[in-house]
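Student: I should like to learn how the features of a structural model are read, one at a time. May we begin with the exposure of a single residue and then proceed to the chain as a whole?

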Amino acid sequence: MRTSFPDGFLWGAATSAHQTEGNNVASDFWALENRPGSFLPQRSGDACDSYHRWREDLDIVRGLGLNAYRFSIEWARVEPVEGHVSRAELAHYRRLIEGCLERGLTPVVTLHHFTSPLWFQKAGGWKAPGAVEGFRRYVRAVLPILDGVEWVCTINEPNMLAMMAAAVKAEKREENVAGAMPPPDRAIADALTAAHRAAREELAGFRSGWTIANQNFEAVGGADAECEEWAWSREDRFLDAAASDDFIGVQAYTRVRIGRDGALPVPDDARRTVTGWEFYPEALGNAVRHTASRVPGVPILVTENGIATADDAERVEYTRGALAGLHEAIKDGIDVRGYLHWSLLDNYEWGSYEPTFGLVAVDRTTFARTVKPSARWFGDVASGRAAYPS
Ligand code: BGC
């Protein structure tokens, strides 16, 4: 028997510009990757060449039977030099939006997914006095191409972004989950919150919100107070800031246990994924419940959930478990509008191509796409062709 997800539920896959387009040369992350002696093991290079192959990507999404596609518009392409807005790049993203609409795919557009223009970073990044207004100007520049778009994510994982800033400064690639990192710089977190609010002001008429890295913090050994404090700066303050938003994006992969002295390592005997995170499909249902408890009444869109694995059957196992938890949460009355799997493609995982999160494999030399069995399974579940749970 097929359990039911709400009518109009969005079933899709997600990507981001820097991780898939290739040659994002005016961005801060490109500069970091290509610095002599960079601490990042691999550079993004051509990525999946989705900048040219986006039609093929959209055809795959549609062909699987999905009805939504999340992607990001790259600020570093739209405004490669401060104050110069590229009409050609805006036209490129307009074609992408129209490509979704023509195929009956609901576009879920992210305006900022971790990368910023290099000029922005050189001017002091999010802590610079003009940062929020700079982001607002970029959002204004993008508005004219958003016709027909309903869902707009302002900033992807501001909590992760703020934590990564410290890791980048220390030139240390964070192998660990976001939630185990040192707390975000408060000034950056405040600026991101203000930038999100500024963007939402500009986005009247759209459904706008931001997407949060949900870490499933769990107190161990009676460390409830420590856990609450730990979670506040790394996640909860960002959830609370969405209280009056049109929706909130939940992004969940795993959990982080918190003891009296902070984050505990993943236990030696735990099952792990390629990123070293604990295999924990329950993460999604828990994250949705936690988010709903912090911002009751705000509709939830699962904007990311998935697993880095070389074993595609494990992807199905993980996703099936995650969807079961999600379905239970919906049955309990939580307002969830869709599920967007991370990721459509095996893409650039911020320093390495090794962790493969994709439903679709990408040949690193020819960029040929190969749809994996997990993608077919997911498409069948999404379009009602397969019994679920099965
Ligand atoms: C990010 C993605 C990333 C994924 C897996 C999220 O933190 O939004 O860009 O690839 O998780 O690590």
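Tutor: Let us begin with Asp 147, which counts as exposed because its relative accessibility is 57%, and exposure requires a value over 50%. Please bear in mind that the model is predicted.

Student: Where does Asp 147 lie, and which residues does it touch?

Tutor: Asp 147 sits in the loop between helix H7 (131-142) and strand E4 (151-156). Setting aside residues up to four places away in sequence, it touches Arg 94, Ile 97 and Leu 101. As for His 341, the C-alpha atoms of Asp 147 and His 341 are 25 Å apart, with the two positions 194 residues apart in sequence numbering.

Student: Is Ser 233 buried or exposed?

Tutor: The general idea is that buried means under 20% relative accessible area. Ser 233 counts as buried because its value is 19%. Ser 233 belongs to helix H10, and, apart from neighbours within four places in sequence, it is in contact with Pro 183, Pro 184 and Phe 238.

Student: How should an aromatic pair be read, and how many are there?

Tutor: Two rings pair if their centres lie within 6.5 Å, and the angle between the planes then gives the class. The count here is 26 aromatic pairs. One of them joins Trp 75 and Phe 120, with 4.7 Å from centre to centre and 50° between the planes, a tilted arrangement. Trp 75 lies in helix H4 (residues 75-78) and Phe 120 in helix H6 (residues 118-122), so this pair ties together parts that are 45 residues apart in sequence. Both Trp 75 and Phe 120 are buried.

Student: What is the geometry of the pair formed by Trp 210 and Phe 238?

Tutor: Their ring centres are 5.9 Å apart and the planes meet at 50°, so this pair is tilted. It links distant parts of the chain, since Trp 210 is in strand E5 (residues 207-214) and Phe 238 in helix H10 (residues 224-240), 28 residues apart. Trp 210 and Phe 238 are both buried.

Student: Which residues do ring pairs link into a cluster?

Tutor: The cluster consists of Trp 75, Trp 119, Phe 120, Trp 126, Phe 135 and Tyr 138.

Student: Which backbone features deserve attention?

Tutor: One is the cis peptide bond that joins Trp 342 and Ser 343, with omega about 10°. Ser 343 is in the loop between strand E11 (336-342) and strand E12 (360-362). Another feature is a positive phi in a residue other than glycine, as in Asn 23, where phi is near 50°. Asn 23 occupies the loop between helix H1 (17-20) and helix H2 (28-34) and counts as partly exposed because its relative accessibility is 35%. Asp 49 also has a positive phi, about 55°. Its place is the loop between H2 and helix H3 (50-64), and at 13% relative accessibility Asp 49 counts as buried.

Student: How is the overall form of the chain assessed?

Tutor: One compares the radius of gyration with that of a compact globule: for 390 residues the latter would be near 21 Å, and the chain has 19 Å, which agrees. The secondary structure comprises 13 helices and 13 strands. Of the 390 residues, 61% count as buried. Among contacts with a separation of 6 or more, 80% involve residues 24 or more positions apart.

Student: How far apart are the mean positions of the positive and negative charges?

Tutor: For the 42 positive and 54 negative charges, those mean positions are 3 Å apart.

Key
Residues numbered from 1 in each chain as written. Predicted model: local features only at pLDDT ≥ 70, side-chain atom pairs only at ≥ 80, totals over all residues. Heavy atoms only, no water. Helix = DSSP H or I, 4+ residues; strand = E, 2+ residues; numbered from the N terminus. Rg over C-alpha atoms; globule rule 2.2 N^0.38 Å. Buried < 20%, exposed > 50% of the residue type's maximum accessible area, 1.4 Å probe, protein only. Contact = heavy atoms within 4.5 Å. Lys, Arg positive; Asp, Glu negative; His and termini not counted. Charge placed at Lys NZ, Arg CZ, Asp CG, Glu CD. Phe/Tyr/Trp six-rings, centres within 6.5 Å; stacked < 30°, edge-to-face > 60°.
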